[in-house]
Each structure stands twice: as structure tokens, then as C-alpha cells.
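Please look over the sequence and the structure shown here before reading on. The report then takes up one topic at a time.

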Amino acid sequence: MEFSQYNVNTLMEITSRPDLVFVRGQGSWLEDNAGKRYLDFIQGWAVNCLGHGAPEMLRALNEQGAKLINPSPAYFNEPSLNLAQRLTQASVFDRVFFANSGAEANEGAIKLARKWGKVNRNGAYKIITMDHSFHGRTLATMSASGKPGWGTMFAPQVDGFPKANLNDLDSVHKLIDAQTVAIMLEPVQGEGGVIPATAEFMQGLRKLADEHGLLLIVDEVQTGMGRCGTMFAYQQFGITPDIMTLGKGIGGGVPLAALLARQDVSVFSHGEQGGTYNGNPLMTAVGVAVFDVLNAPGFMETVQARGRQLSEGLLKLSAKWGMHGERGAGLLRALVMDRDDGPAIVDAARKLEPQGMLLNAPRANLLRFMPALNVTEQEVDLMLDTLDGIIARMRG
Ligand SMILES: *Cc1c(COP(=O)(O)O)cnc(C)c1O
């Protein structure tokens with residue numbers, strides 16, 4: 001169908017979108033309304049960890065859909081129990097609350113920390129978060145985020161989120177007072193520009209939290225579920241967090257997220273947390289299917305190998321074009337360029353004929369790569385070659 005035949009004005013305009021409509025996807029490839037194909041290195045924003053149309057997910061959707069879609073969150077269902085068991089076995093956490101989006105999981109983490117503060121810390125409620133962090137788009141998670149302008153955009157927002165600087169332990173220490181209950185951060189800042197926390201910083205935060213009786217909350221909505229080369233990114237820092245949130249990859253593309261906590265931190269009373277769709281069997285059955293692929297022997301090794309391949313390829317590009325290197329973990333990586341042509345490269349890549357390519361520029365001088373975790377060696381090489389060609393043409 002022609003783009004002009006779609007009535008795009010029936011959707012609320014919340015962002016600028018290119019003049020195309022995606023109609024199908026397979027693996028690392030998307031196809032638009034005109035039949036043009038795109039190599040997808042965005043994958044739903046680091047969401048489709050198994051690529052488009054993964055057979056394991058389709059099987060789970062079909063089988064569970066035919067069996068039971070939603071008995072109500074007031075009752076137990078098998079897939080949610082199966083997924084909770086897998087997640088707790090694979091991590092240091094004991095209890096899971098399922099949610100429908102990363103923001104909702106983080107909102108739950110904030111509520112849980114405040115409840116814990118009420119019970120154990122005389123009503124302490126402040127949660128120290130990081131400058132340039134991203135935790136979601138609800139009122140509380142926007143307030144928790146360190147994006148410029150977000151503290152006042154829908155004022156009055158939610159109080160109690162003082163901001164420290166990533167990898168600056170002193171800036172965290174200075175903010176701690178009697179009302180501080182937790183520290184919350186992304187192990188690798190995703191939207192902020194793929195900026196990893198250092199092991200020294202993470203271990204320092206754990207120590208600070210222990211000394212002051214604070215909870216350490218890791219927002220692994222983007223970094224979790226194998227994205228960084230281990231099931232959870234915190235595992236690479238040698239620390240034990242108190243609360244973790246998951247989203248994006250946990251559903252492989254369907255709306256699923258999770259809030260995990262250790263036993264002694266799981267302090268919600270009846271009625272304080274819930275939601276109509278939370279832990280519904282259709283989505284958690286997909287979560288089980290996704291988890292089992294990620295957890296299969298050898299899968300993380302291939303993620304790590306593809307991550308190294310991508311990293312080395314980006315470093316070569318950087319050296320060739322006089323850029324400032326690359327950074328990230330596993331298959332969450334960024335190329336740091338020497339100038340602000342990220343948006344122009346993103347545009348040129350999408351417009352390439354006969355096949356386009358989808359990239360993302362979270363900052364003007366930065367390109368972010370978040371392919372499917374099962375992206376092939378050939379697809380990574382194709383992306384690197386195509387990108388090199390685009391840069392060569394632009395710099396002519
Ligand atoms: C994407 C993201 C969120 C928000 O998740 P939604 O599903 O969009 O609500 C929260 N935290 C981090 C680190 C993210 O990358």
C-alpha cells in the first residue's frame with residue numbers, strides 16, 4: 001500500500017516518524033509497506049532479543065493463547081510461576097512482581113523502596129538517581145530520570161530524587177541524608193548514551209549503601225536479559241543489588257517487565273501493588289520461551305563473540321575516520337564520533353536503496369547499536385560495511 005493511503009493523523013503525534021509503515025519482520029530484517037527491506041540494528045529499542053518472528057515466541061503465543069489468556073491477577077497461573085522460578089534461580093533475588101513496561105516496573109521499585117523505608121528506616125523516602133539516567137515516562141520515573149528538563153515538564157512532579165553523577169562516588173556520598181532510602185541506577189546508561197558504570201563505582205555504591213542502610217536498585221530494563229553478554233549486567237560487577245527491574249528483552253517484543261527483590265526487601269502488604277494485566281499467562285509464557293533460549297548452553301558465548309566483533313569493527317571505523325572510539329557492553333554499544341552527524345547518518349542509512357538499515361543516534365555525535373542477540377556474524381559485518389560506505393559518501 002502507498003504511504004499516502006494511510007491516515008496517519010488518527011494517531012496522536014508524539015514524535016516525528018519517517019514516511020513508511022512496517023508490515024513484517026524476520027530475524028534481523030524488517031519490511032515496509034513498499035516491500036523495501038531494512039537491516040534492523042534497533043530491534044524495537046533493544047527489545048527483540050531474538051529478532052523478529054522468533055519461532056519459540058510464536059509457539060508460546062499460539063499454545064498459551066489457545067490454553068488460557070487471562071484468569072485475573074487475583075489467581076495464580078502456571079506461566080508466571082514458571083518464569084518467576086527461572087528468574088529467581090538465575091539471579092540473587094527471591095521474589096518477582098511482573099509488570100507490563102519498564103516504567104511500571106521502576107514505579108514498583110520506587111514504591112517498594114519507599115515502603116521498605118517506612119517499615120525499616122523511619123520513613124526515609126529519597127532515592128538518589130544519576131544525572132542523564134533514564135527510568136521511564138510515568139510521573140515518578142520521569143522525576144527519577146536525569147534527562148534535562150524532565151524535572152519540570154509536567155510540574156509538580158514527584159519529590160525525592162536527588163541527582164548524583166555516574167562514576168563519581170563522592171557526588172553520591174554528599175547527597176545522603178537521614179531521609180535517603182536507596183540509590184538507583186542503570187549499570188550501563190542506555191538512553192543517556194551507552195555509558196557504563198565502572199566496577200569500582202558499583203562496588204563503592206554497594207559499600208555506601210551498606211554503611212548507611214540504603215537499598216541498591218539496578219534498573220536493568222535495557223541491560224538485563226543477556227544484552228550485555230551475561231544474563232544480568234550486575235553480575236559483571238561482583239555486587240549483590242537489593243532490587244532489580246527488567247523490561248525490554250524479557251518479553252522479546254511483547255509487553256512484559258519485572259520487579260525483583262530479595263526476600264527481606266519484599267515488604268508490600270496486600271493491596272499496595274497490583275494491576276489488571278500483571279503476570280498474565282500469555283505474556284509470561286512468551287517470557288519463559290525467551291528465557292529458555294537465552295539460558296541455553298552457549299547462547300551467552302555467542303552474544304559475547306558478536307559483541308567483540310561489533311566492538312572491533314567499530315574501533316576500526318573509528319580509527320579510519322578519526323573518531324573517538326566506541327564503548328558499551330555485549331551487544332549494547334555506541335560509536336563515539338568526532339562530529340554531530342549522527343542524525344544525518346541515521347537518515348542516510350534508512351534511505352539507502354535497495355535495502356535500508358535502521359540505526360539510532362541517542363546523541364548527535366553518537367550512534368547506538370542494539371541488534372538482536374542472535375544476530376549473525378554476516379549481519380554484523382554487513383552493518384559495519386554499510387556504515388563505512390555511508391560515512392565515506394558523507395565525508396566524500
Ligand atoms: C526503556 C527503559 C525504561 C522504560 O521502559 P518502558 O518499557 O519504555 O516503560 C526504563 N529504564 C531503562 C533503563 C530503559 O532503557
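What follows describes the surroundings of the ligand and then a patch on the surface, in a model that is predicted.

## The shell around the ligand

The residues around the ligand are Ser101, Gly102, Ala103 and Asn106, together with Phe134, His135 and Gly136, and further along the chain Glu186, Asp219, Val221, Gln222 and Lys248. Sorted by class, this shell holds three nonpolar residues, six polar ones and three charged ones.

Helix H4, which runs over residues 102-120, contributes the most to the shell, and its share is three residues.

## Polar contacts and cover

Which atoms of Gly102 and Ala103 come within 2.8 Å of the ligand? In Gly102 a polar backbone atom is 2.8 Å from an oxygen atom of the ligand, and in Ala103 a backbone N or O atom is likewise 2.8 Å from a ligand oxygen. With Lys248 the contact comes from the side chain, where a polar atom lies 2.6 Å from an oxygen atom of the ligand.

On its own the ligand has 380 Å² of accessible area, and the protein covers 81% of that area.

## A nonpolar patch on the surface

Leu139, Met153 and Phe154 form a nonpolar patch on the surface, and together these residues have about 310 Å² of accessible area. Leu139 belongs to helix H5, which spans residues 139-144.

Is Leu139 buried, partly exposed or exposed? Leu139 counts as partly exposed because its relative accessible area is 43%, and the partly exposed class lies between the cut-offs of under 20% for buried and over 50% for exposed.

Key: Residues are numbered from 1 along each chain as its sequence is written. This is a predicted model: local features need pLDDT of at least 70, side-chain atom pairs count only at pLDDT 80 or more; totals for chains, interfaces and linings use all residues. Side-chain values use heavy atoms; hydrogens and water are left out. Patches are made of residues with over 30% relative accessible area and no salt bridge: like charges are joined within 9 Å, nonpolar side chains (Val, Leu, Ile, Met, Phe, Trp, Tyr) within 5 Å. Accessible areas come from the Shrake-Rupley method with a 1.4 Å probe; for residues, only the protein chains shown count as cover. A salt bridge is a side-chain nitrogen of Lys or Arg within 4 Å of a carboxyl oxygen of Asp or Glu. Helices (H or I, at least four residues) and strands (E, at least two) are DSSP runs, numbered from the N terminus. Buried means under 20% relative accessible area, exposed over 50%, partly exposed in between (1.4 Å probe, protein chains only). A residue is near a molecule or strand if one of its heavy atoms lies within 4 Å of it. A polar contact is a pair of N or O atoms within 3.5 Å; within protein, one must be able to donate a hydrogen and the other to accept it, and residues adjacent in sequence count only if both atoms are side-chain atoms. Ala, Val, Leu, Ile, Met, Phe, Trp, Tyr, Cys and Pro count as nonpolar, Asp, Glu, Lys and Arg as charged, and the others, Gly among them, as polar.
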